[in-house]
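Student: I am new to this structure and would like a close look at a single part of it, with the surroundings explained afterwards.

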Amino acid sequence: MVEAYENQLTQTQIAELAAHCEQAELEAYEITKITDDFPQMSYKDAFDIQWEMRRRKVSRGHKIVGMKMGLTSWAKMAQMGVEHPCYGFLADYFSVPDGGEIRHDALIHPKIEAELAFVLKKELKGPGVHIGDVLSATDFVMPAVEVIDSRYKDFKFDLKSVIADNSSSSRFITGGRMAEVADVDLKHIGVVMEINGEVVQTGAGAAVLGHPAASVAMLANMLAERGEHLAAGSFIMIGAITAAVQVNKGDTFSVRYQGLGSISGKFV
Ligand code: 0L1
Ligand code: MG
């Protein structure tokens, strides 16, 4: 992100766009990407819209239970035509129990991704956070599956629009077995995703920025641009190890993680 980190939109426009994107999320309808109407929108505007959406949820009594990184594989960045990963927040109602049901009609066009989550025992404050800092600050890692659901028509967006849309966050599931980082080969850990009993994706941890901990480091450094940090106890999803796969009503899924068990669920 090379442009100056400053606003091009007014505070009123930012508040209106946060309400616009959040309404589409809550009522599960598609919108056109917001840079079509606001081409001057900056990265700071995009993150301000996301943080205003977060503030709106907290003001209604929701709790923010974690953060996610998105677009963290080179393949996915190339596929979506974007040049940098992004982050989003996870609200309490996004969480689905392992083996649970996800209402397909509460979403627009959901896709699932195999991820890992890090839980911190020490805070991480950028800039300058690196993989070593992340590993020493991590309490444990555990499997996670993200359900993404871009509010943009046909999942077509640019990086600024997707940041404003909370990086397509909608649901997530954690499960399997937690482990200390010293006990997991994070770069080489294999995952296998099945939908309706058929293998649809396989992948290894290194798909995420070369090392899953690099994603957490990048998040801490991106948050530092806004004077924010990751507190001890933070739950962070690192981004997709596999490509995102579209799911339909009635589909069951299961993702197996080498040495860490599995996560499953059903779209109803
Ligand atoms: O979690 C992700 O990697 C997705 C971030 C947003 C991009 C998308 O919706 O595909
Ligand atoms: Mg993801």
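Student: Where is the place of P127?

Tutor: P127 sits in the loop between strand 5 (111–120) and helix 4 (131–137). Helices (H or I, at least four residues) and strands (E, at least two) are DSSP runs, numbered from the N terminus. This is a predicted model, in which local features need pLDDT of at least 70 and side-chain atom pairs count only at pLDDT 80 or more, while totals for chains, interfaces and linings use all residues. Residues are numbered from 1 along each chain as its sequence is written, and chains are lettered from A and ligands numbered from 1 in the order in which they are written.

The peptide bond that leads from G126 into P127 is cis, with omega near 0°.

Other loops also have backbone details to look at. F155, in the loop between strand 6 (138–148) and helix 5 (159–164), has a positive phi of about 60° although it is not a glycine. F155 is partly exposed, because 18 other C-beta atoms lie within 10 Å. The rule is that a residue is buried if 20 or more other C-beta atoms, placed from the backbone, lie within 10 Å of its own, exposed if 12 or fewer, and partly exposed in between. S167 lies in the loop between helix 5 and strand 7 (169–174), and its phi, near 50°, is positive in a residue other than glycine. S167 counts as buried, because it has 23 C-beta neighbours inside 10 Å.

S167 is also one of the closest residues to ligand 1, in a list that includes G70, I148, S150 and S168; 14 residues surround this ligand. A residue is near a molecule or strand if its C-beta atom, placed from the backbone, lies within 6 Å of it.

Next comes the sheet. Five strands form an open sheet in the order 4-13-12-8-9, with mixed pairing. Strand 4 (101–102) and strand 9 are at the edges, each with a single partner strand, so one side of each has no neighbour in the sheet. Two strands pair if DSSP finds at least two bridges between them. Strand 12 and strand 13 (residues 261–267) are antiparallel over six bridges, and F253 stands opposite G265 in strand 13. Strand 8 and strand 12 (residues 252–257) are antiparallel over five bridges, with I195 opposite F253. Strand 8 (residues 190–195) is joined to strand 9 by six bridges, again antiparallel, and G190 faces A204. Strands 8 and 9 make a hairpin with two residues between them, and N196 in the turn has a positive phi of about 50°.

After strand 9 (198–204) comes a loop that leads to helix 6 and holds G210. G210 is partly exposed, because it has 15 C-beta neighbours inside 10 Å.

Helix 6 (residues 212–224) gives nine residues to the largest nonpolar core, the most of any contributor. That core has 78 residues, and those with the most contacts inside it are A117, V216, L219 and I236. A nonpolar core is a set of buried Ala, Val, Leu, Ile, Met, Phe, Trp, Tyr and Cys residues joined through C-beta atoms within 7 Å. L219 touches M67, M69, Y87, L230 and I236, leaving out residues up to four places away in sequence. Contact means that the C-beta atoms of two residues, placed from the backbone, lie within 7 Å.
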